[in-house]
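User: Please take a close look at one part of this model, a strand and the partners it pairs with, and describe it in one connected account.

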Amino acid sequence: LIVCIIKSVYLNIINNNTDETMKPQFEANVLEYAKDICLYTTNNQTQARVLKRMETGSKAAEAIKNIDAKWLTKADKKSFENERTENYAMFGESIFCCDVHFDYNTVSRGVENSYPTSYRLYFKLVDGAWLIYDFENL
């Protein structure tokens, strides 16, 4: 219920008042965390690495545990382009969310692909660390 309320409030905030001053503080980690989620869902990152960036027992952690990407062929080459974050919104002192976008490029068995990727990540301050507690594809 709390997540639904926060998401609803967030949609109202981003339409009226985002805080892009947060970008310098958080952007590098936001991009890194989002890329790890993307890499994991394509069998190019370990579950352990992704889970250490998430609140234990959260919706995000449970979603990652339920993804089985082992049937996918690991990419021979991978890269990210057109990276950007936006729509930062803070809720109190311990929760924020933002949107992250990038193109995920792969080469597997000589075949090149590019996947436009967008997530909305929800972070919570847990014991001094910002961890993902929920995310969604945009």
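Analyst: In the hairpin that β2 makes with β3, two residues lie between the strands, and Arg 109 there adopts a positive phi near 55°. This is a predicted model, and the angles and pairings described here are computed from it. The strands of that hairpin, β2 and β3 (residues 111-126), are antiparallel and are paired through 14 bridges. Within this pairing, Cys 98 has Leu 121 of β3 as its bridge partner.

Strand β2 also pairs with β1 (residues 77-91), again in the antiparallel sense, with eleven bridges joining the two. One position in this pairing can be named from each strand, since Phe 91 stands opposite Ile 95 in β2. The connection between β1 and β2 is likewise a hairpin, here with three residues between the strands, and Gly 92 in its turn has a positive phi of about 65°. Strand β2 is thus joined to β1 by eleven bridges and to β3 by 14.

The accessibility of β2 can be set beside these pairings. Of the 14 residues of β2 (residues 95-108), 13 are buried, each having under 20% relative accessible area, and the strand is therefore largely enclosed by the rest of the structure.

Note on methods
Residues are numbered from 1 along each chain as its sequence is written. This is a predicted model: local features need pLDDT of at least 70, side-chain atom pairs count only at pLDDT 80 or more; totals for chains, interfaces and linings use all residues. Side-chain values use heavy atoms; hydrogens and water are left out. Buried means under 20% relative accessible area, exposed over 50%, partly exposed in between (1.4 Å probe, protein chains only). Helices (H or I, at least four residues) and strands (E, at least two) are DSSP runs, numbered from the N terminus. Two strands pair if DSSP finds at least two bridges between them.
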